[in-house]
Each structure stands twice: as structure tokens, then as C-alpha cells.
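Okay, thanks for squeezing me in. I'll put the structure up and then talk you through the parts I'd look at.

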Amino acid sequence: TNTGTISGIITDSSTLLPIGGATVALYETDGSTETLIRLTKTNAAGRYLFGSVEANTYIVKAFAQIEE
């Protein structure tokens with residue numbers, strides 16, 4: 001079975017600075033149904049990676065706590 005990777009950088013929408021320690025969720029989609037399949041955290045540079053991902057349609061969502 002061929003697999004690939006899904007990766008990226010999570011940034012703050014207003015400052016464009018990378019967000020370290022953000023939770024990143026990978027959802028498999030089937031029509032309007034989203035199924036959570038994996039979670040990871042970004043590194044200090046805001047990077048994340050999901051490895052060994054099978055060909056399909058996915059959505060990535062990220063969440064971070066803001067310290068004020």
C-alpha cells in the first residue's frame with residue numbers, strides 16, 4: 001500500500017508567527033462526515049507531520065491555548 005505524509009506550519013493569523021505546541025488534528029472526510037483519525041503537536045517552529053497516511057480526503061484543524 002502506498003502511503004504519504006501530510007505536513008505544514010501552524011501560524012498566528014494576525015502576526016503570521018509560528019505557533020509551537022499547538023494541537024493538530026487530522027480528520028478523514030466522507031461527504032459531510034469528518035472522522036478524527038490522528039492527533040499531534042507542533043514543534044517550536046510550528047511544524048507538524050502526519051506520516052504513513054493512505055490516499056484519501058482529509059481536513060487538518062489546529063487548536064492552541066492563548067496565554068494572556
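I'll go through the sheet, then the core, then a few backbone angles.

One thing up front: this is a predicted model. So, the sheet. It's an open one with 3 strands, in the order E3-E2-E5, and the pairing is antiparallel. At the edges you've got E3 and E5, with E5 covering residues 58–63, and each of those pairs on one side only. Going from one strand to the next, the twist averages 25°. As a quick reminder, strands of a sheet pair through backbone hydrogen bonds, either parallel or antiparallel.

Let's zoom in on E2 and E3. E2 is residues 23–30, E3 is residues 33–41, and 8 bridges join the two. If you want to find the register on your screen, look for Ala25, which stands opposite Leu39 in E3. Then go to Leu26, and you'll see Arg38 of E3 opposite. These two strands make a hairpin with 2 residues between them, and Gly31 in that hairpin takes a positive phi near 65°.

Now the inside. Which residues make up the largest nonpolar core? There are 8 of them: Ile10, Ala22, Val24, Leu26, Tyr48, Phe50, Val53 and Tyr58. Both E2 and E4 supply at least two residues of this core, and E4 gives the most, with 3 residues. So Leu26 turns up twice in this talk: in the core, and opposite Arg38 on the sheet.

Ala22 is another one from that core, and who does Ala22 touch, leaving aside its neighbours within four places in sequence? Ile10, for one, then Thr40, Lys41 and Thr42, and also Phe63 and Ala64. Ile10 is a fellow member of the core.

Last bit: odd backbone angles. Most residues other than glycine have a negative phi. Here are two that go the other way. Leu16 has a positive phi, near 65°. You'll find Leu16 in the loop between E1, which is 3–9, and E2. Is Leu16 buried or exposed? Exposed, because its relative accessible area is 62%, and the cut-off for that word is over 50%.

The second is Ser52, with a positive phi near 50°. Ser52 sits within a strand, E4, residues 47–54. Ser52 counts as exposed too, because its relative accessible area comes to 53%. Meanwhile Val53, the next number along, is in the core list.

That's my tour, happy to take questions.

Notes:
Residues numbered from 1 in each chain as written. Predicted model: local features only at pLDDT ≥ 70, side-chain atom pairs only at ≥ 80, totals over all residues. Heavy atoms only, no water. Pairing = 2+ DSSP bridges. Helix = DSSP H or I, 4+ residues; strand = E, 2+ residues; numbered from the N terminus. Buried < 20%, exposed > 50% of the residue type's maximum accessible area, 1.4 Å probe, protein only. Axes fitted to C-alpha atoms, helices over the stretch in contact; angles between N-to-C directions. Core = buried A, V, L, I, M, F, W, Y, C linked by side-chain atoms within 4.5 Å. Contact = heavy atoms within 4.5 Å.
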